[in-house]
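Subject: Structure handover

Hello,

Here is the structure I said I would pass on. My notes on it follow below.

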Amino acid sequence: MGDKGRHSNMWPKMWASSKMNEHEIARTLQQLSDRYPEPLRQAQVRDIPRVAFHIRLVLRERASTPVSDMEIADLGGGIGLFSVGCAALGFKRVVLIDDFDDGVNHVYGESILELHRSLGVTVISRDVVSDGIEDIRGSFDAVTTFDSMEHWHHSPKRLFHAVIDKLRQDGLFMVGVPNAVNLRKRITVPFGYGKWTTMQDWYEAPRFRSHVREPDVDDLKYIARDLQLMNWRILGKNWIGHSSSRIGIQAITKIADPILQWIPQLCSDIYLIGKKQ
């Protein structure tokens, strides 16, 4: 499924050997979402399928590493469930790096990260693109970044090369982003619909925090080649359709998603997954 790099092999059928199945991960995430403040709870619940998918990918790609030995860093994960979910599931070390400058952080302050810290997540507040990760101690089995790169105002090239330096041998690097040229945009843009944010979001706000540059599949391939990743592949999913408030869009997505996953170029969400040489 998806595009494969020139060094790619078929995915090993190793997930079945994991002690945690999909339902156990989802149940853990549900319990964690219940511990968020009430105004934020439903958003976290809606995000459980996507976060569970991310955790399963890490476990499958690093199936040779026991969960109790797994060390992972997540870049730009904000207050979301991914890092706290990894910690609750027994990962040895979880590091969350973000500038924590979104609106929700200004509303709730440091208290919004109490759940993460209570479960042992190491929380580092910084602009990861500008300040890097070179000074963070140790190395990692996996480094991830989901739905963050499209918000960055500067090139992540230096950061991504530092990520490779921080990975252990055969370590996993995973990037998830919205697709700039998904099927919906190809259909709607000729009719004048396709903006991610409103004019007010960009023009009126003192600081723009939304999408700066959405990549496409070719961009992710470029990154894979620049980092000299091994066994890299591109995957496609359609989380935006699944989480739509319109029942009709959700129904269409359930039917179309399994088909579109064979053509990542058309999916709403795309992933680069590769390993350090």
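A salt bridge is taken here as a side-chain nitrogen of Lys or Arg within 4 Å of a carboxyl oxygen of Asp or Glu. By that criterion the structure holds 20 salt bridges. Please keep in mind that this is a predicted model.

Confidence

The average pLDDT over the protein chain is 90, and 92% of the residues score at least 70. Residues 1–18 have a pLDDT below 50, although this stretch has 40 contacts in the model beyond near neighbours in sequence.

Salt bridges

Three of the pairs come with some detail.

E22 and R56 form a salt bridge whose closest N and O atoms are 3.9 Å apart. The pair links distant parts of the chain, with E22 in helix α1 (residues 22–33) and R56 in helix α3 (residues 48–61), 34 residues apart. E22 has 42% relative accessibility and counts as partly exposed.

R233 meets E61 in a salt bridge at 3.5 Å, N to O. Here R233 belongs to strand β7 (residues 230–237) and E61 to helix α3, with their positions 172 residues apart in the chain. Are the two side chains in places that count as buried or exposed? R233 is buried at 5% relative accessibility, and E61 is buried at 9%.

R93 and E71 form a salt bridge at 3.4 Å, N to O. This one connects strand β3 (residues 93–98), which holds R93, with strand β2 (residues 71–75), which holds E71; the two residues are 22 apart. R93 counts as buried at 9% relative accessibility, and E71 likewise counts as buried at 9%. Both residues also belong to a network of salt bridges that links R62, E71, R93, D141 and R168.

Aromatic rings

The count of aromatic pairs comes to 7. One of them is F82 with F146: the ring centres are 5.2 Å apart and the planes stand at 75 degrees, so the pair is edge-to-face, as planes over 60 degrees apart count as edge-to-face. F82 lies in helix α4 (residues 81–88) and F146 in strand β5 (residues 140–146), so the pair ties together parts that are 64 residues apart in sequence. F82 is buried, with a relative accessible area of 7%, and F146 is buried too, with 8%.

These two rings are part of one aromatic cluster, formed by F53, F82, F146, W239 and Y271. On F53, a charged residue comes into play: K237 lies over the face of the F53 ring, at 4.9 Å from the ring centre.

Nonpolar cores

F82 appears again in the largest nonpolar core, which has 40 residues; I25, L29, I55, V58, L81, F82 and F91 touch the most other members. The elements that give two or more residues to this core are α1, α3, α4, β3, β5, β6 (167–178) and β8 (269–275). Helix α3 supplies the largest share, 8 residues.

Leaving aside residues up to four places away in sequence, L81 touches L29, L32, S33, Y36, Q44, I48 and V51. Another core, of 32 residues, lies apart from the largest one; among its members are V128, F160, A162 and A224.

Regards

How values were computed. Residues are numbered from 1 along each chain as its sequence is written. This is a predicted model: local features need pLDDT of at least 70, side-chain atom pairs count only at pLDDT 80 or more; totals for chains, interfaces and linings use all residues. Side-chain values use heavy atoms; hydrogens and water are left out. Rings of Phe, Tyr and Trp (its six-membered ring) pair if their centres lie within 6.5 Å; planes under 30 degrees apart count as stacked, over 60 as edge-to-face and the rest as tilted. Helices (H or I, at least four residues) and strands (E, at least two) are DSSP runs, numbered from the N terminus. Buried means under 20% relative accessible area, exposed over 50%, partly exposed in between (1.4 Å probe, protein chains only). A charge sits over a ring if NZ of Lys or CZ of Arg is within 6 Å of the ring centre and within 35 degrees of the ring normal. pLDDT is the predictor's confidence in each residue, from 0 to 100. Contact means heavy atoms within 4.5 Å. A nonpolar core is a set of buried Ala, Val, Leu, Ile, Met, Phe, Trp, Tyr and Cys residues joined through side-chain atoms within 4.5 Å.
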